[in-house]
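Trainee: I have a protein model open and I'm not sure how to read it. Could you walk me through it?

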Amino acid sequence: MTPVELKDFVVEKAEELKCRDLVVLDISDKSTIADFMVVCSGTSKTHVRAIAENVALEAKRIDLAPLGVEGKESGEWVLVDLGDVILHAMQEQTRDFYQLEKLWSAHPDQK
């Protein structure tokens, strides 16, 4: 599966669980850790966990086991690392605090 196909798969599986405010960040030119980050919000800890678990479970079903899943215990921010694509499912308050979209879209030459 290409990185773009994987990104589309992650978006589809997150949207199946009615995530909110989904944003795709192309970080291929900013980092070697992944090509895309998918950031979305859930309405509660349970919703955030469910979004991440759905993506991880559906990936396993197509023989693409996640490299790691972090944060399931707290449910504030759950990260699913699928190699070329990383999902960040977050509660709204956590997302507002960390502002990943702003961090990853910032230009290095700006202060």
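Mentor: Sure. Let's start with a term: helices and strands here are DSSP runs, numbered from the N terminus. Keep in mind too that this is a predicted model.

Trainee: Okay, where does T94 sit in that scheme?

Mentor: T94 belongs to helix α3, which covers residues 92–98.

Trainee: And how many helices and strands does the protein chain have?

Mentor: The protein chain has four helices and five strands. Go along the sequence and you meet them in the pattern α-β-β-α-β-β-β-α-α.

Trainee: Back to T94. Is T94 buried or exposed?

Mentor: The general idea is that buried means under 20% relative accessible area. T94 comes out at 10%, so T94 counts as buried.

Trainee: Which residues does T94 touch, apart from its neighbours within four places in sequence?

Mentor: Contact means heavy atoms within 4.5 Å. With those neighbours set aside, T94 is in contact with E76 and W77. With E76 there's also a polar contact of 3.1 Å, side chain to side chain.

Trainee: Let me try another residue. Where is V80, and is V80 buried or exposed?

Mentor: You'll find V80 in strand β4, residues 77–81. Its relative accessible area is 0%, so V80 is buried.

Trainee: What surrounds V80, again leaving aside neighbours within four places in sequence?

Mentor: Its contacts include A52, V55, A56 and P66. G68, V69, V85, I86 and L87 are in contact with V80 too. Try a distance as well: V80 and E70 are ten residues apart in sequence, and their C-alpha atoms are 6.7 Å apart in space.

Trainee: Now the whole chain. How much of the protein chain is buried?

Mentor: Buried residues account for 42% of its 111 residues. On the outside, the protein chain exposes about 6500 Å², with carbon and sulfur atoms supplying 51% of that.

Trainee: Why does the radius of gyration agree with a compact globule?

Mentor: You compare two values. A compact globule of 111 residues would have a radius of gyration near 13 Å, and the protein chain has 13 Å, so the two agree. Along the principal axes, the C-alpha atoms fill a box of roughly 40 × 30 × 20 Å.

Trainee: What about contacts between residues at least 6 apart in sequence?

Mentor: Of those, 55% join residues at least 24 apart.

Trainee: Last one: how many positive and negative side chains are there?

Mentor: There are 13 positive and 21 negative ones, and the centres of the two sets lie 5 Å apart.

Key:
Residues are numbered from 1 along each chain as its sequence is written. This is a predicted model: local features need pLDDT of at least 70, side-chain atom pairs count only at pLDDT 80 or more; totals for chains, interfaces and linings use all residues. Side-chain values use heavy atoms; hydrogens and water are left out. Helices (H or I, at least four residues) and strands (E, at least two) are DSSP runs, numbered from the N terminus. Buried means under 20% relative accessible area, exposed over 50%, partly exposed in between (1.4 Å probe, protein chains only). A polar contact is a pair of N or O atoms within 3.5 Å; within protein, one must be able to donate a hydrogen and the other to accept it, and residues adjacent in sequence count only if both atoms are side-chain atoms. The radius of gyration is taken over C-alpha atoms; the globule rule is 2.2 Å times the number of residues to the power 0.38. Accessible areas come from the Shrake-Rupley method with a 1.4 Å probe; for residues, only the protein chains shown count as cover. Lys and Arg count as positive and Asp and Glu as negative; His and the chain ends are not counted. The place of a charge is taken as NZ of Lys, CZ of Arg, CG of Asp or CD of Glu.
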